[in-house]
Amino acid sequence: NMHHGDGMNSGGYTDVSNTTGFNMVTQNSLNYNFRVADKHKFDVTMLHEYQKNTTDYLEGYGEGFAADGLTNLNSTSKNYEAYSSLTDWYNISYLGMLNYNFDNKLILDGTIRREGSSRFAPNNRFGTFWSVGAGYNLHKHISFFDELRLRGSYGLTGNSGVSINQYQSLLSFSSNYNDIGGATPSVFGNSDLTWEKNNTLDVGIDYAFFNRRISGNVAYYKKKT
């Protein structure tokens, strides 16, 4: 408002911004399950995933209205400012999963994943992550228990949650020196930047008896990042 509040000293001002986001995800999967001699069950899955994200930002600012009620940028008369930015990133991954079940007693599973992210330099862009797990239902042999399962898993996972362009040495061209454009360093860069890796171990036992009136679990968990 040109008469009240923080717009009074500037004759009124307006600030208009627009953000356009585009996120595309494609996923292709193939699953096959089969039995061998009835007691051996296999389940195999292969997966390919691609994700691309783009964000476009545009902002304009101006001051000095000629009359009350004006809000458009082209109705201002001074101190024009404009700002725009574009950010984009992509991820691609290939995944394989195998599950084996023997007579609902022994269960084994394994996964392997190859994933790439544009947030890292080309020589560190891809990481390979995996996991293995096993479980055994002891209650199939001990009738006293409604459930008695030994289980364990170990795996390596990755995290790409860093800001984009952090691995690059970048200049900012937004400097103004006496109305002459200039450049200043904005990101120093680190070409060794790569995936955060998490090694996780989890072993335990689940139990239940007396028609599940009593149940619980005991586990040991260790994670190294």
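**Exercise 1. The E147–R149 contact**

Task: In this predicted model, work out how R149 and E147 are joined, and which of the words buried or partly exposed fits each residue.

Solution:
- Start with the contact: R149 and E147 form a salt bridge, and their closest N and O atoms lie 2.5 Å apart.
- Check that against the cut-off, which asks for a side-chain nitrogen of Lys or Arg within 4 Å of a carboxyl oxygen of Asp or Glu.
- Next comes accessibility. E147 has a relative accessible area of 15%, so E147 is buried, since buried means under 20%.
- R149 comes out at 27%, so R149 is partly exposed.

**Exercise 2. From one pair to a network**

Task: Find the partner that R151 meets in a salt bridge, say which strands the two residues sit in, and then list which residues the shared salt bridges join into one network.

Solution:
- The partner is D202: the two side chains meet in a salt bridge at 3.9 Å, N to O.
- Now place the pair along the chain. R151 belongs to strand β6 and D202 to strand β9 (residues 196-209), so 51 residues separate them and the pair links distant parts of the chain.
- On accessibility, R151 has 27% and is partly exposed. D202, at 23%, counts as partly exposed too.
- Follow the shared partners and you get one network made of E147, R149, R151, D202, D206 and R212.
- For the wider picture, a search of the whole structure turns up 10 salt bridges.
- One of these is D103 with K105, at 3.7 Å from N to O. D103 is partly exposed at 28%, and K105 is partly exposed at 22%.

**Exercise 3. Laying out the sheet**

Task: Write down the order of the strands in the open sheet, and explain why β1 and β10 each have one side without a neighbour.

Solution:
- Eight strands make up the open sheet, and they run β1-β2-β3-β4-β5-β6-β9-β10 with antiparallel pairing.
- Look at the ends of that order: β1 and β10 (214-224) are the edge strands with a single partner each, so one side of each has no neighbour in the sheet.
- Going from one strand to the next, the twist averages 10°.
- As a reminder of what holds such an arrangement, strands of a sheet pair through backbone hydrogen bonds, in a parallel or antiparallel way.

**Exercise 4. Register between neighbours**

Task: For the pairs β1 with β2, β4 with β5 and β5 with β6, say how many bridges there are, then find which residues stand opposite N18 and R113 and which is the bridge partner of V132.

Solution:
- β1 and β2 are antiparallel and share 24 bridges. Across from N18 you'll find L58 in β2.
- β4 (residues 106-117) and β5 (residues 126-137) run antiparallel and are joined by 11 bridges. Here R113 faces F129 of β5.
- β5 and β6 (residues 145-159) are antiparallel with eight bridges. V132 has Y154 in β6 as its bridge partner.
- Between β5 and β6 there is a loop, and H139 sits in it. At 18% relative accessibility, H139 is buried.
- Try one distance from there: H139 and Y221 are 82 residues apart in sequence, and their C-alpha atoms are 23 Å apart in space.

**Exercise 5. A nonpolar patch**

Task: Identify which residues make the nonpolar surface patch and which strands each supply at least two of them.

Solution:
- The members are L30, Y32, V44, M46 and L98, and the patch covers about 510 Å².
- β1 (13-36) and β2 (40-63) each give at least two residues to the patch.
- Take V44 as a check: V44 lies in strand β2, and at 31% relative accessibility V44 is partly exposed. That passes the patch cut-off of over 30%.

**Exercise 6. Overall form**

Task: Decide why the protein chain counts as more spread out than a compact globule.

Solution:
- Begin with the inventory: the chain has zero helices and 10 strands.
- Then the comparison: its radius of gyration is 29 Å, well over the 17 Å that the globule rule gives for 225 residues, so the chain is more spread out than a compact globule.
- Look at the spans as well: along the principal axes, the C-alpha trace covers about 90 × 45 × 30 Å.
- Finish with burial: 22% of the 225 residues count as buried.

Key. Residues numbered from 1 in each chain as written. Predicted model: local features only at pLDDT ≥ 70, side-chain atom pairs only at ≥ 80, totals over all residues. Heavy atoms only, no water. Patch = residues over 30% accessible without salt bridge, like charges linked within 9 Å, V, L, I, M, F, W, Y side chains within 5 Å. Areas by Shrake-Rupley, 256 points an atom, 1.4 Å probe, with all protein chains shown as cover. Helix = DSSP H or I, 4+ residues; strand = E, 2+ residues; numbered from the N terminus. Buried < 20%, exposed > 50% of the residue type's maximum accessible area, 1.4 Å probe, protein only. Pairing = 2+ DSSP bridges. Axes fitted to C-alpha atoms, helices over the stretch in contact; angles between N-to-C directions. Rg over C-alpha atoms; globule rule 2.2 N^0.38 Å.
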